[in-house]
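User: Please take a close look at one part of this model, a small sheet and the helices packed around it, and describe it in one connected account. I would also like to see how that part compares in kind with the rest of the chain.

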Amino acid sequence: MAARPAEVRLGTTMRRTLGRTRKARYFMTDSLHTPTTPVQVPTRMLVEALIRTDHTVDAGELYATADLLGMTDQQVRLCIKRLVAEGRFVQEGRGRKALLRATGATVQALGPDVEFIAHAFRQDAGLAPWDGIWHLVAFAVPEDTRTARDTLRTVLTRLGGAPVQGGLYISANAWEPYVEDEARRLGIHGRLTLLTTDDLRQGDVRDPAELARSLWPQDEIADRYRQLASVAEPRLRRLQDEADPSSLQQLTIAVELAAEFSRAMEPDPLLPPELLPRPWPGTEARRLVAQCWQLLDRLGQSGTAAEQHVRLFRLYDDAVRGTKSAEQRRDG
């Protein structure tokens with residue numbers, strides 16, 4: 001399994017959203033009776049959350065959902081306009097009758113979502129042990145193509161890589177296919193040098209876990225997962241305790257969890273458990289969120305929920321189910 005994706009929907013597409021702080025518009029949602037601080041939700045998140053399996057978004061559904069969350073029609077229109085201007089969607093029709101069609105770049109970004117989310121849960125379940133191999137990428141890109149060079153650096157970081165020194169990045173996961181695809185797109189594939197090693201040392205430090213602590217900001221990553229857990233736990237209790245939560249309550253919980261999940265995953269390189277402190281907060285946070293996903297999905301299938309809205313968690317639920325099936329095969 002490879003490194004953390006450049007995005008994860010609602011990791012993948014949302015991470016780009018969350019990174020654009022200058023353009024983002026945030027809405028403070030506050031689930032009824034939830035004893036936690038409100039969650040910040042970017043406006044464009046809803047567009048990307050409601051992408052259907054045919055890679056389209058129904059504008060009528062989008063406006064209706066936005067209204068439930070207290071967003072105005074004007075804010076939604078501006079969000080759509082920005083996404084179209086960025087080349088992420090093509091708009092067919094106008095107003096609430098419009099259809100937003102994801103462009104090729106957006107569809108491509110959505111592709112590995114389940115794979116990467118599933119990898120995180122496989123790690124949590126002990127199904128993805130580390131093979132002890134470090135994966136390194138070195139590059140020397142001339143000044144006249146520095147835009148491509150800078151983009152590559154950003155991509156390597158988003159893929160979970162850490163800079164070792166100038167032009168040299170490292171990952172504990174097999175990220176080569178993703179790195180090479182991006183380098184080809186940027187026209188600098190010939191400038192890459194790819195290598196692997198099981199003998200890595202920085203100064204006198206050889207211990208893999210100690211190396212990982214020095215290369216990646218594990219404290220910051222752990223804090224984000226603790227925040228995710230603090231959001232997920234009371235919402236899980238609400239879903240468990242309330243016999244028939246309203247569509248608005250379900251939708252609000254789903255959006256809040258998706259936003260916090262993205263913030264937690266955004267800096268996470270998905271390091272193998274062997275390189276992380278125990279217990280690792282990400283494991284517990286993902287467990288809580290997975291339980292919420294499953295309850296939301298069950299409510300949707302029972303017909304008591306707004307099934308169209310709950311659909312945004314189906315990819316996540318598929319990833320969790322795949323991991324559980326693998327666990328059962330292992331234990332059986």
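Analyst: In this predicted model, strand β3 and strand β5, the latter covering residues 99-102, are joined in the antiparallel sense by 3 bridges. Within that pairing, Val-57 faces Leu-100 of β5 across the two strands. The pair belongs to an open sheet of 3 strands, ordered β3-β5-β4 and paired antiparallel. The edges of this sheet are β3 (56-58) and β4 (89-92), each of which pairs on one side only. From one strand to the next the twist averages 20 degrees.

Helix α3, residues 59-68, lies across β3 and β5, and its direction makes an angle of about 60 degrees with β3. Helix α3 also meets helix α4, residues 73-85: the axes of the two helices come within 10 Å and cross at roughly 130 degrees. An angle over 145 degrees would count as roughly antiparallel, and 65 to 115 degrees as roughly perpendicular; α3 and α4 are therefore oblique to each other. Their crossing is right-handed. On the α3 side the contact is made by Leu-62, Tyr-63 and Ala-66, and on the α4 side by Asp-73, Val-76, Arg-77 and Ile-80. By class, the residues of this contact divide into 5 nonpolar and 2 charged, with no polar residue.

A residue that ties these elements together is Val-47, which is placed in helix α2, residues 44-49. Its relative accessible area is 2%, and the cut-off for burial is under 20%, so Val-47 is buried. Leaving aside neighbours within four places in sequence, Val-47 is in contact with Val-57, Leu-62, Cys-79, Leu-83, Phe-89 and Leu-100. Among these partners, Val-57 and Leu-100 are the residues that stand opposite each other in the pairing with β5, while Leu-62 also takes part in the contact of α3 with α4. Between Val-47 and Ala-59 there are 8.8 Å in space, C-alpha to C-alpha, for a separation of 12 residues in sequence.

Another part of the chain offers a parallel view of strands and helices. Strand β6, residues 134-139, is mostly covered, with 5 of its 6 residues buried. It is joined to strand β9, residues 192-197, by 6 bridges, and the two run antiparallel; here Trp-134 stands opposite Thr-197 of β9. Strand β6 also pairs with strand β8, residues 168-171, in the antiparallel sense over 4 bridges, and the bridge partner of Leu-136 in β8 is Ile-170.

As for helices, the axes of α7 (residues 146-158) and α8 (residues 176-186) come within 10 Å and cross at roughly 160 degrees, and these two helices are therefore roughly antiparallel to each other. The crossing of α7 and α8 is right-handed. From α7 the contact involves Ala-148, Thr-151, Leu-152, Val-155 and Leu-156, and from α8 it involves Val-179, Glu-182, Arg-185 and Leu-186. The residues of that contact divide into 6 nonpolar, 1 polar and 2 charged.

For the wider setting, the protein has 14 helices and 9 strands, and buried residues make up 52% of its 332 residues. Of the contacts with a separation of 6 or more, 74% are accounted for by residues 24 or more positions apart.

Terms used:
Residues numbered from 1 in each chain as written. Predicted model: local features only at pLDDT ≥ 70, side-chain atom pairs only at ≥ 80, totals over all residues. Heavy atoms only, no water. Pairing = 2+ DSSP bridges. Axes fitted to C-alpha atoms, helices over the stretch in contact; angles between N-to-C directions. Contact = heavy atoms within 4.5 Å. Parallel < 35°, antiparallel > 145°, perpendicular 65-115°, else oblique. Left-handed = near helix turned anticlockwise from the far one by under 90°. Nonpolar A, V, L, I, M, F, W, Y, C, P; charged D, E, K, R; others polar. Buried < 20%, exposed > 50% of the residue type's maximum accessible area, 1.4 Å probe, protein only.
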